[in-house]
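User: I'd like a close look at one part of this model, and I'm new to this. Please take it slowly and then show me how that part fits with the rest.

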Amino acid sequence: MMMKEHILFADLIKGLSITIKKFFGPSVTLHYPIERRETPERMRFLHKLVLNSAGRPKCIACGFCERICPPKCIKITRGKREDGKIGLTGYELDIGRCIFCGLCVEVCPEEAISMTDIYELATYNRAEAVYTMDRLVRDVPEKREEEG
Amino acid sequence: MNSVEETRRVEINMGPQHPSTHGVGRFILTLNGEIIEDVKPVCGYLHRGLEKLAENMTYQQFMPIVDRLDYVASMNNDLAYCLAVEKLLGMEVPERAEYIRVIVAELGRIASHLIWLGTMALDIGALTPFFYTFRDRETIYDMFEEICGARLMYNYVRIGGVAKDITPKFMEMLKHFLDTFPRLMKETDGLLTKNRIWMRRTKDVGVISYDDAINWGLSGPSLRGSGVNWDLRKNRPYGIYPSLEFDVPYFPEGDVYARYLVRLEEINQSVRILRQCVEKIPAGEYMNPESPFVRPMKKPKEGIALKDFVLQIRGVKMPVGEIYFGAENPKGELGFYIVSDGAGKPYRMKIRTPSFVHVFALPKIVKGGLVADIVSVISSLDFVFGEVDR
């Protein structure tokens, strides 16, 4: 039996038939920059600071996220805000260090920070990768915009 | 004076930038012509000091770091670590969470074995299976992305349960996967298993005997390829594995081909486990509500109390003691040895990784073999350098 298979190249023909079948089958890849995958709701990418009804970040500067962050990429500054109350004055997030583990979102008691599905985060220099509070509020949309 | 017959020994470096060392592995080979006389594995190119990092992090903080051990089977690492910490805590896990854990762990096992299958075929010279296995792996990663939002570093299993409940869409994807995957697996099987080139490259190559395999501390599929019927899911059962039906494949030959067959059969067994889980998964909690770790089910507007600050600063107080827990990972036995002095951070954590053991069993296996065979032996032992160097 084994000998017969060897002479008739049964093993090679079996392999080749699979390859040929696939050659005429549908393609499984995407043309990435032109076509994009649909992203699920739970995607863990660029952070966003959530605003409260008064248009100010919900963050109460408790520092839980700063403390739990494994690579220590979050930096919170507390101080006197322009309305005279003591609270959050600065929120810095270094995307270059972030490992996107999502612990900051989970630990936040006020749900003041969330994660979006914006995954194209490459920058030309390291300074650009640092997101300040202003950028985290203003520049990050709720959802990635679909490009036509 | 050297006689004519005597050839000079040649020392060559394989790696750390060699395509078939699966990462940054470096092996110093001593060759006598084409015969390997000695192999010296050199590790440390990917050393990140994870064990030391663990001493400075709370148990919860260390979770994402555990992902980075065996980075192609992060789910299984997470599970092993969580089971170890739960053993220290003596914590119960809700039944639904147990089922979700088994589902993700078995999917992770399939994904890891698919990467191994593709890259091993690639190393030996068959390019086609690589694309097929990576296509199937992609569907698994899509499923993981659906439930936890990440594709490679999941950080999904939690101490006391899992981070988020599985979604109906995930179950749909899983059912579709279980329907289509065995057929797709047959393609790869058809391309390789009976292929004469494949058999020539793998049969009777890199043989390690039953006794040697045990003595050198091999575990997982590499051990079962030597005919040892040893699977931690059966022999030291954890989670809900005792209530699930599956076989432990083992082949007595101890060569590369036997290890290949073991892993191939393990994929089928994982599919079998997944089918049972899909049928049996109960409703209920996905996280132990009493778990003191990160509060995934916290209610909004609850506010924060002083004790939350204490928890964040000190970490959760653990019982004093030492535990060891080993789980069956795709690569072998991943064990965590935790020494706790009662603080929120481990006093010492030793990670027993299968890949580290397998790398140093390599000299035993390849000595006296041909230089062309070392590539297939390296692939068949399936080590990942994230795990070797930690």
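Let's start with chain A: what percentage of its 148 residues is buried? And once that's clear, please carry on to what surrounds it.

Analyst: Happy to. Keep in mind that what you're looking at is a predicted model. As for your question, buried residues make up 24% of the 148 residues in chain A. To count as buried, a residue needs 20 or more other C-beta atoms within 10 Å of its own.

Next, the layout. Chain A has 5 helices and 5 strands, and along the sequence they come in the pattern α-α-β-α-β-β-α-β-β-α. There's some long-distance folding too: take the contacts in chain A between residues at least 6 apart in sequence, and 70% of them join residues at least 24 apart.

Now zoom in on a sheet in chain A. It's an open sheet of 3 strands in the order β2-β3-β5, with antiparallel pairing. The edges are β2 (74-80) and β5 (130-131) of chain A, and each has a single partner strand, so one side of each has no neighbour in the sheet. Strand β3(A), residues 86-94, pairs with β5(A) over 2 bridges in the antiparallel sense. If you want a spot to find on screen, look for Asp94(A), which stands opposite Val130(A) in β5(A).

Between β2 and β3 of chain A there's a loop, and Arg81(A) is found in it. This residue isn't buried: Arg81(A) is partly exposed, because it has 13 other C-beta atoms within 10 Å. Setting aside neighbours within four places in sequence, Arg81(A) is in contact with Gly87(A) and Thr89(A).

For a contrast in setting, try Cys104(A). Again leaving aside neighbours within four places in sequence, Cys104(A) is in contact with Cys65(A), Ile68(A), Cys69(A), Ile74(A) and Ile113(A). There's a general idea worth having in mind here: in soluble globular proteins, nonpolar side chains tend to be buried together. In this model, the largest nonpolar core has 137 residues, and those with the most contacts inside it are Cys65(A), Cys104(A), Ala84(B), Tyr156(B) and Val377(B). The element that gives the most to this core is α4(B), with 17 residues.

That list of core residues takes us across to chain B, so let's see how the two chains meet. The contact takes 25 residues from chain A and 31 residues from chain B. On the chain B side, α2 (63-66), α5 (128-148), α6 (168-192) and α12 (306-314) each supply at least two residues. Of what touches chain A, α5(B) gives the most, with 6 residues. Sorted by class, the chain B side has 13 nonpolar, 9 polar and 9 charged residues.

Remember Val377(B) from the core? You'll find it among the buried residues of α14(B), along with Ile374(B), Val375(B), Ser376(B), Ile378(B), Ser379(B), Ser380(B) and Leu381(B). In fact helix α14(B), residues 373-381, is mostly covered, with 8 of its 9 residues buried. What does the covering? Among the elements over those buried residues are β3 (35-42), α4 (95-124), α7 (196-202) and α13 (354-366) of chain B. Just after the helix, Asp382(B) takes a positive phi of about 55°.

One of those covering pieces deserves its own moment. α13(B) and α14(B) pack at an angle of about 145°, with their axes 11 Å apart, and the crossing is right-handed. From α13(B) come His358(B), Leu362(B), Ile365(B) and Val366(B), and they meet Asp373(B), Ile374(B), Val377(B) and Leu381(B) in α14(B). By class, that contact has 6 nonpolar, 1 polar and 1 charged residues.

Last stop: chain B has an open sheet of 3 strands as well, in the order β6-β7-β8 with antiparallel pairing. Here β6 (321-328) and β8 (348-352) of chain B are at the edges with a single partner strand each, so one side of each is left without a neighbour in the sheet. Neighbouring strands are turned by 10° against each other on average, direction ignored. Helix α3(B), residues 74-89, packs on this sheet, where α3(B) touches β6 and β7 of chain B and makes about 150° with the direction of β6(B). Strand β7(B), residues 333-340, is joined to β8(B) by 5 bridges, and Gly335(B) stands opposite Arg352(B) in β8(B).

Note on methods:
Residues numbered from 1 in each chain as written. Chains lettered and ligands numbered in written order. Predicted model: local features only at pLDDT ≥ 70, side-chain atom pairs only at ≥ 80, totals over all residues. Contact = placed C-beta atoms within 7 Å. Helix = DSSP H or I, 4+ residues; strand = E, 2+ residues; numbered from the N terminus. Nonpolar A, V, L, I, M, F, W, Y, C, P; charged D, E, K, R; others polar. Buried ≥ 20, exposed ≤ 12 C-beta atoms within 10 Å, placed from the backbone. Core = buried A, V, L, I, M, F, W, Y, C linked by C-beta atoms within 7 Å. Pairing = 2+ DSSP bridges. Axes fitted to C-alpha atoms, helices over the stretch in contact; angles between N-to-C directions. Left-handed = near helix turned anticlockwise from the far one by under 90°.
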